[in-house]
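Here are some quick notes to read alongside the model. Have the viewer open as you go through them.

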Amino acid sequence: MKKFRILSLFMVVFIILAIVASGCGKKAPDTSKPAETSETAKESEQGTESESSTESGESGEYSEPYTFTHYFNYDWWGIKPWGEDEVSKYLSKKFNVHVEFAKPDSDPAAKLNVMISSGDLPDSIMMDRGPDNIRLARLGLLQPLEPFMTKNPNLQENLLPQTIELLKIDGKLYGIPNWPRTAPTGGNDVWMYNLRIWQDAGSPKLETFEDLYAFAKKVKTDVTKTREGLSTIPFMTDATGDGWRLANAFYRSYGGVLNGWYTVLDGKYRLAFRDPVFKEVSLELNKWWREGLIAETQFTDTTDQILEKATNGRIALFYYDHSQDDNNHFRKILKKNHPDDSYELVQPNVFPPAKGLSPNDIYGDITSTVGWNVTCITTKAKNPQRIFDLWTYLLTREAAIIQMYGPPGFLWDTLDDQGLPILKKAEGELTAEERDRLGLWFWMIPGHSDHVDTIKFAVNDKLPEEKRNWVVSMQAHIVTPTKLLSDEFVGIGDVIDPQSDLGIQRTLCEDYIKANYPKVIMAKSPEEAEKVYEDIIKFCDQNGMPQIEETYDKKYQDNVKRFGTVLKKGRYAK
Amino acid sequence: MVGNTVIQPIGIRKRGGINGFVKEFLKQVDLQLLVIPGIIHIIIFSYIPMYGVIMAFQEFRLGDFPGMSEWVGLKHFRYLFTDPNFGLVLRNTIVISLLKLLICFPAPIIFAILINEILNMRFRKTVQTISYLPHFISWVVAGTLMFDFFSVDNGAVNSALLALGIIDRPIHFFGVGEYFWGMAVITDLWKSLGWNAIIYIAAITSIDPDLYEAAEIDGAGRYAKMWHITFKSILPTVILLLIFSVGNLLNANFDQIMVLTNQMTNPKLRAFADVIDTYVYRVGISGNRSSYAAAAGLFKSVINVMLLLTANKIASRTGHEVL
């Protein structure tokens, strides 16, 4: 009995200790933290003059190995380990760095908040511009980049001065932009049609928006099954829970320009719902829905579910970001399974005009010089210059070649007189394994739009026609000519602090729009659709929208004064 | 909190006096020590975090030291009650919780009683095992299974209904808001029925077999025995668990709702699926309005405590075992 008591006492003490330890103890070391090599701490602060982008440098400042953590603030981001493929091996050798990647498992916003409040930040982070980025900078958690720019000119050399100005937060630069540009190249959103379904529907013309409608109708009534017996879907777009992509696709054909849920109306930046044309577009969407032309699962399908439908050749008309999905992987699989099937671009107008508008009245994508998101270096980083050197190198023309075609010695050995790699094998002939082994395209973090586009267009055009990459050809010759470059819409959302009363009202309004716009589309009658539409405006008006519009318009007018406007055709011409 | 009062060492009071207490305490010191880890656990994980509640009355911004932000009084509660979404959120929470209480609470009891009637032991064990297996599947996996199962495109349910001629076009079970409440209850039932029945089955096995024999001699039939012996014997357990359930009434399974609505991105479901927990998460944590979320969370906790106390009171009035 006594033995038992001693044993039980011992056990109790042990349990108490264990609980105290688990409650008060420090968090176990995070695996995403850098396996910092201690000797890397003091490094290159006074370093030698940085070499320009085109020189390789294993010398001097890169002689010590350096490991840092890089965090993608996106839950959908795919991660590859650094240094296993040829591109990252090359970069690893050139900069003598090792990068540990991490990303949130779900809900990046929540994870970022936790990281900020616990001070558990990575050395380098890729994230959207906007509120979170501004907040991090204002909390003093990001490194201003100007000191590093004096040693390494890559950033200034590859960006327009106005881009750098636009990226600044409170007068300082904190982010290396991803996909910045100096010219309007590229182009992603397109209308595509399924070749076989189109043929089965009698190969109708697809030149105007009305043609698209007639085709979708025909599919609904006459081509209800694919040749394999699967049910067809007249029209679908990629995942869009709030219906924004649908609105964007249609509004374009009606000559409108949508920036978020806003547009320019009579020279002023307003909520798009105030535009009678946007209302017409929304009711048109409702008509398509009521007639069963839009997939019933449009609002509930995930990207994978949509791609599965596309891969099986079931979608007749597809409004899609055609550069995504590993360069139209679904199209390749479809063609492989059914050699006579394919998805083709609607031509000659990528966004076919509606209601007798001229193709000249229709706007293509309006892209800004600042590109998409930014990579920032946090104050946690022991050696920010090294991180800066690596990421800004990726913005150079030389890096663009390596990112797309791998380092010399594999797919190419020498450059031609235009500085383009002479490929031993067309990119399109590479198997997925080969691309993976080389690490092509994956290390575009960040990438530079102009370099990537101009190089890939030129390299692709040099190939014999049957070997060209379809997406690249389409971008180069069909979509890029429709693109417009403008900074007039940059930074408008940032003028309202999301935590302020107006910011909270904005969230309320936009949440309401996101939840209710699909109801406009899915309404059972035009009257019901119109009522929900009017309710959205009423709700927004009651919740501070006029003041939001006024604040936004001020910034917009200021932007137009500084950068000019591209809205000069059709409805926007003065 | 309330759980601490369950086991009162009644003997101590009888002897009275501090000496008696110390004596008694020393006598069973090893037993008392066994309680300490539990108390420490509760202090660390339940009481200390309650400090964060003051955030609901402050304007917390990331980077602030917790509790040291500017005081704003009831501002966040005012926002909460005037938020046009909140009424909807509250309605959904109450409806989903009540539906679950009405259907998912009695179901395991009925299931346990019925399973008790199966005489073939092997069959009984098999049924029981199959019924509680879904409990071990996480909601993420269970959600995917459900999506496939109820899918419009060749989902098992739609295929079966079509084949039987009950419907002539597939039903979009997860695409119509009005169906969501039903779907939430059905999926929850599928996942928790067998597991929740275990405690009742355990209670049933402890019933004295003599009671059944006595009832039989008195002429009780099968159903009479089920009602008067089996059900009445497990009634204390049922009441206890009912009180727990009522205390958790407003916790309408966060995981399940997030998964079934694709993290609230499914606009068709949002008007019917947004509950206080998802609302707190969406607005507070993702939208970075911690103070506001704290206010909403506090509101829910207060209601929960009130419900718990009420249920406890009612149970004690009716002369049943209470907390």
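1. Buried area here is the accessible area (1.4 Å probe) that two parts lose on being put together, summed over both. For chain A and chain B that comes to about 3300 Å², with carbon and sulfur atoms giving 58%. Counting contact as heavy atoms within 4.5 Å, 40 residues of chain A touch 39 residues of chain B.

2. Some ground rules: this is a predicted model, where local features need pLDDT of at least 70 and side-chain atom pairs count only at pLDDT 80 or more, while totals for chains, interfaces and linings use all residues. Residues are numbered from 1 along each chain as its sequence is written, chains are lettered from A and ligands numbered from 1 in the order in which they are written, and side-chain values use heavy atoms, with hydrogens and water left out.

3. How many salt bridges does the rule find across the interface of chain A and chain B? There are 2, a salt bridge being a side-chain nitrogen of Lys or Arg within 4 Å of a carboxyl oxygen of Asp or Glu. A:Glu296 pairs with B:Arg169 in a salt bridge, and their closest N and O atoms are 4.0 Å apart.

4. On the chain A side of that interface, helix 1 (2-24), helix 3 (108-118) and helix 19 (501-522) each supply at least two residues. Helix 1 gives the most, with 10 residues. Helices (H or I, at least four residues) and strands (E, at least two) are DSSP runs, numbered from the N terminus.

5. Disulfides: the structure holds 0 over all chains, the test being a pair of cysteine sulfur atoms within 2.5 Å. A:Cys540 has its nearest cysteine sulfur, that of A:Cys509, 4.2 Å away. A:Cys540 counts as buried because its relative accessibility is 0% (buried means under 20% relative accessible area, exposed over 50%, partly exposed in between; 1.4 Å probe, protein chains only). B:Cys104 is buried too, at 8%.

6. Now the backbone: most residues other than glycine have a negative phi, and most peptide bonds are trans. Two spots to look at are the cis bond joining A:Gln347 and A:Pro348, with omega about 0°, and the cis bond from A:Ile445 to A:Pro446, with omega near 0°. A:Pro348 lies in the loop between strand 10 (343-345) and strand 11 (366-367) of chain A.

7. That loop between strand 10 and strand 11 also holds A:Lys355, whose phi is positive, near 50°. A:Lys355 is exposed, at 53% relative accessible area. A:Asp170 likewise has a phi near 50° and is exposed, at 57%.
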